[in-house]
Amino acid sequence: MRKIIFTALTLGFAAAVAQPALAQDKSPTSFRGFRLEGNVGGDRFQSQGVHRDKLGYGGTIGFDGVINDKIVIGPEASFWRANNWTENCTAATGGTVCHKSFEEFGVGVRAGVLLTPQFLVFGKGGYVVNDQRKSLTSSTGQQVFYNHGNTTGYQLGGGVEYTLSNSDAKLPVYIGAQYVYSQYSDNTSRQRVMGTIGIRFK
């Protein structure tokens, strides 16, 4: 999985480096250059066979290059957290196990196809790090086990994006929607459905 992610990141950054050449493309799309966006939506953290749904929010910064008027590809970095964090607690032998999830940071690449100069359909993948806490409390209320640290994993997702501004706007505004799934190495996972609003710096 790490080799796949590394290859994808390499392709994404190659598109970024090649942007001066791609800029000669006179297609009317604004899906090129640096972008900055805010994300908000539903968050589901899953652990120990249970899940909890909450509101979540975050942001993404990325870069897009355009190939042959149709293909959009580039690297991105993201941040995400559930509002007031998310914790799942389940009964265990002699006590209660609680798994709490904090911030998630990710790096990856997305690639998509322009169905029109203003409408993009894309897929994405990358590497993620999630700050987590796991504890075991006995039936008498005594803390038996406590661990707080980072767990790593991979991320996959996809979505759509639509530019509201004309291609010649200085700071094009866009909106979108996407689904992202994160699988962490400690057998926990996260799903989220997000709405997006952002701007581009051409």
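These legends describe close-up views of a predicted protein model.

**Figure 1. The whole protein has 2 helices and 9 strands.** Reading along the sequence gives the pattern α-α-β-β-β-β-β-β-β-β-β. The protein has 202 residues, and buried residues make up 43% of them. The protein exposes about 10100 Å². Carbon and sulfur atoms supply 62% of that exposed area. Now look at contacts between residues at least 6 apart in sequence. Of these, 64% join residues at least 24 apart.

**Figure 2. Six residues make up the largest nonpolar core.** Two of the 6 residues are phenylalanines, Phe 31 and Phe 122. Val 66 and Val 72 belong to this core as well. Leu 114 and Leu 120 complete the set.

**Figure 3. Phe 122, a member of the largest nonpolar core, also has contacts with residues outside that core.** The contacts named here leave aside neighbours within four places in sequence. Phe 122 is in contact with Arg 110, Ala 111 and Gly 112. Phe 122 also touches Gly 158, Gly 159, Val 160 and Glu 161. Gln 178 is another residue in contact with Phe 122.

**Figure 4. Arg 110 is a buried residue in a strand.** Arg 110 lies in strand 5, which covers residues 95-116. Is this arginine buried or exposed? Arg 110 has a relative accessible area of 3%. Buried means under 20%, so Arg 110 counts as buried.

**Figure 5. The side chains of Arg 110 and Glu 161 meet in a polar contact.** The contact is 3.0 Å. Glu 161 is in contact with Phe 122 too. Arg 110 has other contacts, again leaving aside neighbours within four places in sequence. Among them are Arg 35, Asp 64, Ile 73, Gly 74 and Glu 76. Val 72, Leu 120 and Phe 122 are also in contact with Arg 110, and these three residues belong to the largest nonpolar core. Further contacts of Arg 110 include Gly 123, Lys 124 and Arg 200.

**Figure 6. Cys 89 and Cys 98 form a disulfide.** A disulfide is a covalent bond between the sulfur atoms of two cysteines. How many disulfides does the protein have? The count comes to 1. The sulfur atoms of Cys 89 and Cys 98 are 2.1 Å apart. The link is right-handed, with 115 degrees about the S-S bond.

**Figure 7. The two cysteines of the disulfide fall into separate exposure classes.** Cys 89 has 43% relative accessibility and counts as partly exposed. Cys 98 has 13% relative accessibility. That value is under 20%, so Cys 98 counts as buried.

How values were computed. Residues numbered from 1 in each chain as written. Predicted model: local features only at pLDDT ≥ 70, side-chain atom pairs only at ≥ 80, totals over all residues. Heavy atoms only, no water. Core = buried A, V, L, I, M, F, W, Y, C linked by side-chain atoms within 4.5 Å. Buried < 20%, exposed > 50% of the residue type's maximum accessible area, 1.4 Å probe, protein only. Contact = heavy atoms within 4.5 Å. Disulfide = S-S within 2.5 Å. Helix = DSSP H or I, 4+ residues; strand = E, 2+ residues; numbered from the N terminus. Polar contact = N/O pair within 3.5 Å; in protein donor to acceptor, adjacent residues only side chain to side chain. Areas by Shrake-Rupley, 256 points an atom, 1.4 Å probe, with all protein chains shown as cover.
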